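Colleague: I am new to this structure and would like to learn how to read its features one at a time. Could you take me through them slowly, giving the general idea before each case?

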Amino acid sequence: MKSDFKKKASFHLPGLFEFFDFYREFLPLYHKHREYFYDWAQIASIYGSPADCLWGGGRTSFGQARAEDVLALLDEYGISSRLTFSNSLLQSEHLADKNCNQLCRLFEKSKVQSGIIIYSDLLLDYIKKNYPSFYFVSSTTKVLTDFKDFCAELDRPDFKYVVPDFRLNKHPQLKALNPLQKDKVEFLCNECCSFDCKSRKACYQNVSQKNLGLQVKDHKCGAPESSGGYRFSLAMQNPSFLGLKEIKDYLKAGFSNFKIEGRGLGSAILLEFLLYYITKAEYHLQVREELYLDSMLDLF
């Protein structure tokens, strides 16, 4: 049965470089067996950055895949690549970084328009001037928890999408946004961080420092369950969690963009995200079997 939603849910997935081997197996399955997946959901983009990426932020990346291979794969399946350049501490001397500029030159040539997830206005102006073919996503690392600040970000013409802090996911004023603003909202669905966290920005800044090569101690999270690492089951209990019911409600209200976090996690949990968010329940086993039995993926 066809869905009656006016728009599809566009999902933005983690691990452009980090999970290249996984997507090399999953995307052909997704393309060949569309009957396995909800007709109201689509993979719109995959985001990430390679290891030792100076402009990177959000999470310390470990992706080792060749950029040319990554771009070729996403072009083949008509999916937008997003480079995660959300470092919050960049200075003018960092703009000349050879590797990051090479990435821009390569991904600017993509068949499907590539995007940049960005924090720094300095970097934003530099990329707009030198690589004008990209679209831009305002990063959740800005930790926009004030609704007025979030609306101001939505109204900036620089950004095609804006990812608010997860604690705004169910703000009562969201549905009063105008249609242009709704089109730009990109909800972070599956955050596991404590809803009451007061040091989220410091956590992101710690990652930015590491990506700049600074010798700093790891950020120590004070949340009670942080020592156990990410648990999807715990994320589902977060007051901000957006599950299938909430996503369908937002589709009806005029929103359509949903981001899944997980660059720092393993491919096994990534598969669980894809099963939950885009795969029909009756086909979960088939998808698992295709990936477990017909490939050499190291999922654990």
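**Reading the features**

Modeller: Valine 143 is buried, since its relative accessible area is 16%, and buried here stands for anything under 20%. Please keep in mind from the start that this is a predicted model.

Colleague: Where in the chain does valine 143 lie, and what is noted about its phi?

Modeller: The general idea is that most residues other than glycine have a negative phi. Valine 143, which is placed in the loop between β5 and α5, has a positive phi of about 50° although it is not a glycine.

Colleague: Which other residue, again not a glycine, has a positive phi, and is that residue buried or exposed?

Modeller: That residue is aspartate 52, whose phi is near 60°, and it is found in the loop between β2 (41-48) and α2 (67-76). With a relative accessibility of 75%, aspartate 52 counts as exposed, whereas valine 143 is buried.

Colleague: Staying with the loop between β5 and α5, what contact does the side chain of threonine 141 make?

Modeller: Threonine 141 lies in that loop, which runs between β5 (135-138) and α5 (147-154). Its side chain makes a polar contact with the side chain of serine 139, at 2.7 Å, and threonine 141 counts as buried because its relative accessibility is 4%.

Colleague: Let us turn to empty space inside the model. How many cavities of 30 Å³ or more does the structure hold?

Modeller: The general idea is that rolling a probe the size of a water molecule over the atoms shows where empty space is left. In this structure there are two cavities of 30 Å³ or more, and the second largest cavity has about 40 Å³ of space.

Colleague: Which residues line the second largest cavity, and which element gives the most to that lining?

Modeller: The lining consists of Phe11, Leu13, Ile260, Leu270, Phe273, Leu274, Tyr277 and Ile278. At least two lining residues come from each of β1 (9-14) and α10 (267-278), and α10 gives the most, with five residues. Sorted by class, the lining has eight nonpolar residues, with no polar and no charged ones.

Colleague: Several of those lining residues carry rings, so how should I read ring pairs, and how many aromatic pairs does the structure hold?

Modeller: The structure holds 27 aromatic pairs. In one of them, the rings of phenylalanine 241 and tyrosine 277 have centres 6.5 Å apart and planes at 45°, so this pair is tilted. Because phenylalanine 241 lies in the loop between α8 (232-235) and α9 (244-253) while tyrosine 277 lies in helix α10, the pair ties together parts that are 36 residues apart in sequence.

Colleague: Are these two residues buried or exposed, and which cluster do ring pairs form?

Modeller: Phenylalanine 241 is buried, with a relative accessible area of 6%, and tyrosine 277 also counts as buried, at 1% relative accessibility. Ring pairs link Phe11, Phe187, Phe232, Phe241, Tyr250, Phe255, Phe258, Phe273, Tyr276 and Tyr277 into a cluster. Phe11, Phe273 and Tyr277 are also among the residues that line the second largest cavity.

Colleague: Where does a charged end sit over a ring?

Modeller: One case is lysine 259, whose charged end sits over the ring of tyrosine 47, at 4.5 Å from its centre. Another is lysine 160, which lies over the face of tyrosine 135, 4.9 Å from the ring centre.

Colleague: How far apart in space are lysine 160 and lysine 184?

Modeller: Here one sets the separation along the chain beside the separation in space. Lysine 184 and lysine 160 are 24 residues apart in sequence, and their C-alpha atoms are 5.8 Å apart. Lysine 184 belongs to helix α6 (residues 179-184) and is buried, with a relative accessible area of 14%.

Colleague: What is the C-alpha separation between leucine 103 and glutamate 68?

Modeller: These two C-alpha atoms are separated by 9.3 Å, while the residues are 35 apart along the chain. Leucine 103 is part of helix α3 (residues 98-107) and counts as buried at 9% relative accessibility. A further case is histidine 94, in the loop between β3 (80-85) and α3, whose C-alpha atom is 9.1 Å from that of leucine 123, 29 residues away along the chain. At 17% relative accessibility, histidine 94 counts as buried.

Key. Residues numbered from 1 in each chain as written. Predicted model: local features only at pLDDT ≥ 70, side-chain atom pairs only at ≥ 80, totals over all residues. Heavy atoms only, no water. 1 Å grid on protein atoms, 1.4 Å probe; cavity = no way out; pocket = protein on both sides within 12 Å on 5 of 7 lines; lining within 4 Å. Points joined across faces, edges and corners; volume = space filled by probe spheres on them. Helix = DSSP H or I, 4+ residues; strand = E, 2+ residues; numbered from the N terminus. Nonpolar A, V, L, I, M, F, W, Y, C, P; charged D, E, K, R; others polar. Phe/Tyr/Trp six-rings, centres within 6.5 Å; stacked < 30°, edge-to-face > 60°. Buried < 20%, exposed > 50% of the residue type's maximum accessible area, 1.4 Å probe, protein only. Lys NZ or Arg CZ within 6 Å of the ring centre and 35° of its normal. Polar contact = N/O pair within 3.5 Å; in protein donor to acceptor, adjacent residues only side chain to side chain.
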